[in-house]
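Trainee: Got a minute to go through this model with me? I'd like to start with a pocket and then look at helix packing.

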Amino acid sequence: MFEHIKNRFPFPKEKWRKFLGSFERMEVPAKTLLLKEDEVSCNAYYIEKGMVRAWYNNDGKDVTFQFFLENTMFSSLESFKKGLPSMVSFETIEPCVLYKINKPDVEAFLDDVYENPELRNLFMDALFERVFDYMKHFFSFIKDTPRQRYINLTKTKPEIIKRVPQHYIASYLGITTVHLSRIKSKILKERLE
């Protein structure tokens, strides 16, 4: 199940065994809150099956910030690393099979990663991929119309379009479900012409 991670980080087998043995398997239903906004994150998660969303409360309105699919690790990084209250909540969208690991076990693993320059660079590249994803999403709100954001999402992350309820997609795009419905209707109408 962790083949995707093993392939990215060429670690000695005995260290992999120790690291993978630190994970706890969990099967959780949809709509399970894994971390609440303002709580301190003590765990990181790996998704074997299912989907999770990151969201925050904006004056009583639920705003979806990011989606995590299979073969992805996630945590509230700033909270997990610095012990600060999380700025987001994590909630399962579908029934999920997750693997949970606690902070001390992750820190022990990272100590080994940091000792090896090649592994450190690979780890930093993986971390920056997530940062770049955040940056692209942020800049799309500045430069793209809601229609462009939706079209980009359909091209870059079609799984989200297929599996995520429309109200979460609308929230992620920064629009109402009515606006999303209009965008989809116009796109469909243009394709039929």
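Trainee: How does the lining of the second largest pocket divide by class, nonpolar, polar and charged?

Mentor: The lining has five nonpolar, four polar and six charged residues. Ala, Val, Leu, Ile, Met, Phe, Trp, Tyr, Cys and Pro count as nonpolar, Asp, Glu, Lys and Arg as charged, and the others, Gly among them, as polar. Bear in mind that this is a predicted model, where local features need pLDDT of at least 70 and side-chain atom pairs count only at pLDDT 80 or more, while totals for chains, interfaces and linings use all residues. Residues are numbered from 1 along each chain as its sequence is written, and side-chain values use heavy atoms, without hydrogens and water.

Trainee: Which residues lie nearest the centre of that pocket?

Mentor: Lys-136, His-137, Ser-140, Asn-152 and Thr-156, out of 15 that line the second largest pocket. A pocket here is an open set of points on a 1 Å grid, where a 1.4 Å probe fits, with protein on both sides within 12 Å along at least five of seven lines; lining residues have an atom within 4 Å of a point.

Trainee: Which element gives the most to the lining?

Mentor: Helix 5, with seven residues. Helices are DSSP runs (H or I, at least four residues), numbered from the N terminus.

Trainee: Switching to packing: what is the angle between helix 6 and helix 8?

Mentor: About 120 degrees, with the axes 10 Å apart; helix 6 covers residues 146-156 and helix 8 residues 166-173. Axes are lines fitted to C-alpha atoms over the stretch in contact, and angles run from 0 to 180 degrees between N-to-C directions. That angle makes helix 6 oblique to helix 8. Under 35 degrees counts as roughly parallel, over 145 as roughly antiparallel, 65 to 115 as roughly perpendicular and the rest as oblique.

Trainee: Which residues meet there?

Mentor: Arg-149, Tyr-150 and Leu-153 in helix 6 meet Ile-169, Tyr-172 and Leu-173 in helix 8, contact meaning heavy atoms within 4.5 Å. By class, this contact has five nonpolar, no polar and one charged residues.

Trainee: And how do helix 8 and helix 9 pack?

Mentor: At about 95 degrees, with axes 9 Å apart; helix 9 is residues 177-192. Helix 8 and helix 9 are therefore roughly perpendicular. Among the contact residues are Ala-170 of helix 8 and Leu-180 of helix 9.

Trainee: What about helix 6 against helix 9?

Mentor: Their angle is about 70 degrees and their axes are 10 Å apart. The residues of this contact divide into six nonpolar, one polar and four charged.

Note on methods: Helices (H or I, at least four residues) and strands (E, at least two) are DSSP runs, numbered from the N terminus.
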